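Grab a pencil and open the viewer. Here are some exercises for getting to know a new chain, each with a solution to check yourself against.

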Amino acid sequence: MRTNVDDFISELDGGVFAQKLGQALSDVAAGTIDHGKGKKKGKITIELDVQQIGESHQVQIGHTLKVSRPTLRGKATEEDTTTTPMYVGKGGKMTIAPDAQMDFLKTPAKEEQ
């Protein structure tokens, strides 16, 4: 199984990382058009660090968003780093909740007799 990239990005920092990325994309595009005059470039860098938490089946994802957008007289830069714990399932699939919990949520409850 593979990690679902759309789900992964939307789960980082409880959805805040995706919002920051969306804002960065808009800001850099606007700065490039407003101040680039065809010569200045904007840049967005996403850096992910993955570290095991103890001896568990969890990893801590350090996610850094680096943004550089053109301005009238140069550029504005910003760097933002946060972390999110993730569970690692079969084949390295990373999710915010363990696979067993997901299976439990999908399984209908058995009726008592």
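Below are six short exercises on this predicted model, each followed by a worked solution.

**Exercise 1. List the helices and strands, and give their order along the chain.**

Start by counting: the chain has 3 helices and 4 strands. Now walk from the N terminus, and you meet the elements as α-α-β-β-β-β-α. While you're there, note how much is tucked away: 21% of the 113 residues count as buried. As for contacts between residues at least 6 apart in sequence, 46% of them join residues at least 24 apart.

**Exercise 2. Work out the strand order of the sheet, and find which strands stand at its edges.**

Step one is the order. The sheet is open, its 4 strands lie as β1-β2-β3-β4, and the pairing is antiparallel. Step two is the edges: β1 (43–52) and β4 (94–95) each have a single partner strand, so one side of each is left without a neighbour in the sheet. Step three, look at what packs on the sheet. Helix α2 (residues 16–35) touches β1, β2 and β3, and its direction makes about 20 degrees with that of β2.

**Exercise 3. Trace how β2 pairs with β3, then how β3 pairs with β4.**

Take β2 (residues 58–71) and β3 (residues 74–88) to begin with: they run antiparallel and are joined by 14 bridges. The link between them is a hairpin with 2 residues. You can check the register with two bridge pairs. V67 has E78 as its partner in β3, and P70 has K75.

Next come β3 and β4, which also pair in the antiparallel sense, over 2 bridges. Here Y87 stands opposite T95 in β4. This hairpin has 5 residues between its strands, and among them G91 takes a positive phi near 70 degrees.

**Exercise 4. Find the largest nonpolar core and say which elements supply at least two of its residues.**

Select the 12 residues of this core: F8, L12, F17, L21, A24, V28, V59, I61, L65, V67, M86 and M94. Then colour by element, and you'll see that α2 and β2 each supply at least two of them. For a closer look, pick L12. Skipping its neighbours within four places in sequence, L12 is in contact with F17, L48, I61, H63, T84 and M86.

**Exercise 5. Take T64, K43 and D13 in turn: is each one buried, partly exposed or exposed?**

T64 sits in strand β2. Its relative accessible area is 4%, and the cut-off for buried is under 20%, so T64 is buried. Leaving out residues up to four places away in sequence, T64 touches T45, I46, E47, E79, D80 and T81. With T81 there is also a polar contact, side chain to side chain, at 2.9 Å.

K43 belongs to strand β1. At 55% relative accessibility, K43 counts as exposed, since exposed means over 50%. Beyond four places in sequence, K43 touches V28, K66, V67 and S68. Try the distance tool on K43 and V67: they are 24 residues apart along the chain, and their C-alpha atoms are separated by 5.9 Å.

D13 lies in the loop between α1 (5–11) and α2. With 25% relative accessibility, D13 counts as partly exposed. Its backbone deserves a glance too. Most residues other than glycine have a negative phi. The phi of D13, however, is positive, near 55 degrees.

**Exercise 6. Decide which parts of the model carry high confidence and which carry low confidence.**

Begin with the whole chain: the mean pLDDT is 89, and 88% of the residues reach 70 or more. Then compare the elements. β1 has the highest mean pLDDT (98), while helix α3 (residues 99–106) has the lowest (52). Finally, zoom in on residues 102–107, where pLDDT stays under 50. For that stretch the model has 1 contact beyond four places in sequence.

Technical notes. Residues numbered from 1 in each chain as written. Predicted model: local features only at pLDDT ≥ 70, side-chain atom pairs only at ≥ 80, totals over all residues. Heavy atoms only, no water. Pairing = 2+ DSSP bridges. Contact = heavy atoms within 4.5 Å. Axes fitted to C-alpha atoms, helices over the stretch in contact; angles between N-to-C directions. Core = buried A, V, L, I, M, F, W, Y, C linked by side-chain atoms within 4.5 Å. Buried < 20%, exposed > 50% of the residue type's maximum accessible area, 1.4 Å probe, protein only. pLDDT = per-residue confidence, 0-100. Polar contact = N/O pair within 3.5 Å; in protein donor to acceptor, adjacent residues only side chain to side chain.
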